[in-house]
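Reader: I would like to go through this model and ask why its parts are called what they are called.

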Amino acid sequence: MIEGDFYYENKTGLLYIFPPNNLNPNEENIEVGLYTYLNLNKQRYVKIKNLTIRYSSSKHPLTLQGNNNIIENLDVSYNSFIALAGYCHNCTIRNSKLNFNGNSAAGMFGNFTIYENNIIKGNNYRNFSMSWSCGGFKFIPNIYNMIIRDNVVRDNLCFGIWFDTMGGGHIIERNIITNNSGYGVMIEISNGTRENPIIIRNNIIYNNGIGTWWEGGVYISSSDYVYVLNNLFYNLPGGVIAKADPNNPDMRRKTLIGNKIINNIFLNVSFPIAIKREDGVLVKNNTADYNLFFNPDKTRMWRDMKEEWGLSEEKVREMESKMFWCDSWCSGSRKSFEEWRGLGFDLHSIIADPKLRNPSNYDFHLTENSPAIDSGINVRYVEKDIEGNYRDSNYDVGPYEFDSQMSNAQTENKVGKKERKTLFIYLIIIILSLIFLFLIIWLIIIIRKEVGGEVEVGENNNIQEEY
Ligand SMILES: [Ca+2]
């Protein structure tokens, strides 16, 4: 037993403690948790806030079912398995910390449920397998229309955000997803539809999947209608990897249809885009276009893989400054940009320095000479940029619209000018009308004086009464 530690002996029912700093246990208040979890069962319109749950040995330290509940400012960290669990529809989980849990942070989910402005850090410290379940967010199965917004998802020993066998309509936006050991976002057997796609937009995804073959970015695995729009991919082995699974007997795993990879920046990414086409699967109507690619320095993947693959120093040097696109495993069939375009992809995309403000310090704003400015396509779902500003009439590539604030200000200015102009015209009209009215009255007075100057007011009244 070490100082500050304690244990409970079941047989005798005694609690043994070793207080720190030679404190006398007879003179201190000692708090002992009697429950290892909090199961709130089915609730509606309940708000839970300012609660900390730590060191729970339970599978699910906090479970909440029902609908329209709000979880706010919670710290559910250092627990042994999954921090939040339960079906909670139309619920909101916000401003909370879900860090360093044994398996994953967030399994609580429901239709129209929102995760907003949370920190999801360092989960899966017990190193559960990525082929099973782990990570920051892990949702399974059959839930629609969730929103994952403005979260920081970092340092998880697994994927950052993992949708598994889910429905359509989810939005993953404005998150910072970094330093996770696998894919930043994994969409697995989760089918959107043309009417209700899964949208991944305006995210910043960097430094994930270090030491892996092509992980780090977004993996669209046997899923349909996933739209990857206006994200930034920086310093990753792979950007967007899309594939179906010919060897699985489940038909749902054999399709990859209608996915879009548009308006994204890929900076220092070894394999920016792979769309795997092979026999035995239905891969069709997938689009990649209006993206920007650049690898000015050296991507680190080849050097990281040098030992594992027994690559020569010459080979590493040859490969690390290149980018490849793939229609197979990138180990087998790597394409140059021209060859990739020959397959009909990225016909309007460019290879150019995006001229970001300070990417090595993770400031990814565009600067004024960036070729990303106005070179995207105006697609639905990205009317606003990562900072919530409306994009101008020509969308930029990447999460930031360069001149959105300026143009918003200009628009406001224009509106102000227009309003002032309208007001001025009204004033002139009123003044002219008044002058005109005075002229008429003056004329009437003149005419009356000349024609009927002797007619008395009283007679007029009499005339009026006769009517
Ligand atoms: Ca623009």
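Author: This is a predicted model. Start with an open sheet of 10 strands, in the order β4-β7-β11-β13-β16-β19-β22-β25-β28-β31, with parallel pairing.

Reader: What makes β4 and β31 edge strands?

Author: Each of them, β4 (47–49) and β31 (287–289), pairs on one side only. From one strand to the next, the twist averages 5 degrees.

Reader: How do you know that β11 and β13 pair?

Author: Two strands pair if DSSP finds at least two bridges between them. Three bridges join β11 (residues 92–94) to β13 (residues 114–116), so the two count as paired, and they run parallel. Arg-94 has Glu-116 in β13 as its bridge partner.

Reader: Why is Leu-84 said to be in contact with Ala-106?

Author: Contact means that the C-beta atoms, placed from the backbone, lie within 7 Å. Leaving aside neighbours within four places in sequence, Leu-84 has such contacts with Leu-62, Val-76, Ile-93, Leu-98, Ala-106, Gly-107 and Met-108. Leu-84 and Ala-106 are also among the residues that touch the most other members of the largest nonpolar core, which has 96 residues. Strand β29 (residues 265–275) gives the largest share of this core, eight residues.

Reader: What is the radius of gyration of the protein, set against that of a compact globule?

Author: A compact globule of 467 residues would have a radius of gyration near 23 Å, but the protein has 33 Å. Along its principal axes, the C-alpha trace spans about 125 × 75 × 45 Å.

Notes:
Residues are numbered from 1 along each chain as its sequence is written. This is a predicted model: local features need pLDDT of at least 70, side-chain atom pairs count only at pLDDT 80 or more; totals for chains, interfaces and linings use all residues. A nonpolar core is a set of buried Ala, Val, Leu, Ile, Met, Phe, Trp, Tyr and Cys residues joined through C-beta atoms within 7 Å. A residue is buried if 20 or more other C-beta atoms lie within 10 Å of its own, exposed if 12 or fewer, and partly exposed in between; C-beta atoms are placed from the backbone. Helices (H or I, at least four residues) and strands (E, at least two) are DSSP runs, numbered from the N terminus. Two residues are in contact if their C-beta atoms, placed from the backbone, lie within 7 Å. Axes are lines fitted to C-alpha atoms, for helices over the stretch in contact, and angles run from 0 to 180 degrees between N-to-C directions. The radius of gyration is taken over C-alpha atoms; the globule rule is 2.2 Å times the number of residues to the power 0.38.
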